[in-house]
Amino acid sequence: MDLAELERKLIAAARRNPPSEQVPHTFEQRLLARLRACPVPDHWALWSQALWRAAAPCVGVMLLLGAWWWFSPARNLPANDLSQEFERTVLAAAEQEPPPDLSR
Amino acid sequence: MERTDADLIAAVLRGDTASFGPLVGKYSPRLFATARRYARRESEVEDIVQEVWVKAFQKLRTFRAEAPFEHWLMRLAVRTCYDFLRGHQRSREAAFSDLSAPEGDWLERFVSQPAPAGEQAEAARQLVGRVLEQLPPPARLVINLLEIEERSVKEIASLTGWSVPLVKVRAFRARAEMRRILAKMAKEKYL
């Protein structure tokens, strides 16, 4: 069988028989009714809706973090603990450096 | 005086949904013909066209009147048809043993005498449909646009959103795949 010729003939048949352009009865009316029922989306409304939806999980995360901080044992340490640690870390390098040789 | 597409679009954007009606009436025949190339059942065809119009209505603000409305609409239609093909990939390996009687007869006539097997025959058209149904979605789309609708590679790139080299690669693969399917059909039927 000549496959190239078969392909050519089939393609030619498809070209010569385009599909029908017939539109179903009352299609336009049904479509317009549907479009009236679903108006054009307002992007600002969608954005604010998304923000409202995100608010609940954010509050949840905030409460969890708050509870974690409240019940954490680190909370019982003295308040200046962090500042002292910070100071010690910053000054550690300076304390370890040998004093400058002033004799030269 | 008849309102132009631009007048109708402007009216729709001002909130007059009824002005969308004349656009629907004018371009629906073309959209139905396009959708019928990709879907067989009438209910599917109607769903595709309806989806195209809903998208057009919702995205009308993004239409820049640099090109005719019809071109913009056809881009939406082709992309919707492609999404439909990807979403409805049936078992493409349907055997050719279940060719209908007219399709089988047409093929028999072609084998015995290639020249007289009428190209216009309805059976030939159905046979093409059967072959195209076995192609993967990109191949089916590109064969339809390039070979059957005889569009240029550049036009196809604009309609599909693919680059020109991608269209060429997909066309090459699609033709090879189509030949493979035809060879399989011939083998199944005559060996």
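In this predicted model, helix 4 and helix 7 of chain B meet through a handful of side chains: B:Y82, B:L85 and B:R86 come from helix 4, while B:P137, B:R140 and B:L141 come from helix 7. Sorted by class, the residues of this contact come out as four nonpolar and two charged, with no polar ones. Helix 4 covers residues 69-87 of chain B, and its axis comes within 9 Å of the axis of helix 7, the two crossing at roughly 145°. The crossing of helix 4 past helix 7 is right-handed.

Stepping back to the whole of chain B, the chain splits into domain 1, residues 1-88, and domain 2, residues 92-191. Where these two domains touch, domain 1 puts in eight residues and domain 2 puts in seven. On the domain 1 side of that contact, the mix is four nonpolar and four charged residues, and no polar residue turns up there.

Then there is the meeting of the two chains. Here 38 residues of chain B are in contact with 30 residues of chain A. On the chain B side, the elements that supply two or more residues each are helix 2 (20-36), helix 3 (42-58), helix 5 (101-112), helix 6 (122-133), helix 7 (137-148) and helix 9 (164-190). Helix 2 of chain B gives the most, with 10 residues. Taken by class, the chain B side of the interface holds 23 nonpolar, seven polar and eight charged residues. Helix 7 of chain B thus turns up twice, once among the elements that touch chain A and once as the partner of helix 4.

Two loop residues deserve a look for their backbone angles. Most residues other than glycine have a negative phi. A:T26 goes the other way, with a positive phi near 60°. This threonine sits in the loop between helix 1 (3-16) and helix 2 (27-37) of chain A. A:T26 has 9 other C-beta atoms within 10 Å, and it is exposed because the cut-off for that class is 12 or fewer.

Chain B offers a case of its own in B:E150, whose phi is also positive, near 55°, in a residue other than glycine. B:E150 lies in the loop between helix 7 and helix 8 (153-160) of chain B. With 10 C-beta neighbours inside 10 Å, B:E150 is within the limit of 12 or fewer and therefore counts as exposed.

Definitions and conventions:
Residues are numbered from 1 along each chain as its sequence is written. Chains are lettered from A and ligands numbered from 1 in the order in which they are written. This is a predicted model: local features need pLDDT of at least 70, side-chain atom pairs count only at pLDDT 80 or more; totals for chains, interfaces and linings use all residues. Helices (H or I, at least four residues) and strands (E, at least two) are DSSP runs, numbered from the N terminus. Ala, Val, Leu, Ile, Met, Phe, Trp, Tyr, Cys and Pro count as nonpolar, Asp, Glu, Lys and Arg as charged, and the others, Gly among them, as polar. Axes are lines fitted to C-alpha atoms, for helices over the stretch in contact, and angles run from 0 to 180 degrees between N-to-C directions. A crossing is left-handed if the near helix is turned anticlockwise from the far one by less than a right angle, and right-handed if clockwise. Domain bounds come from an automatic or database domain assignment. A residue is buried if 20 or more other C-beta atoms lie within 10 Å of its own, exposed if 12 or fewer, and partly exposed in between; C-beta atoms are placed from the backbone.
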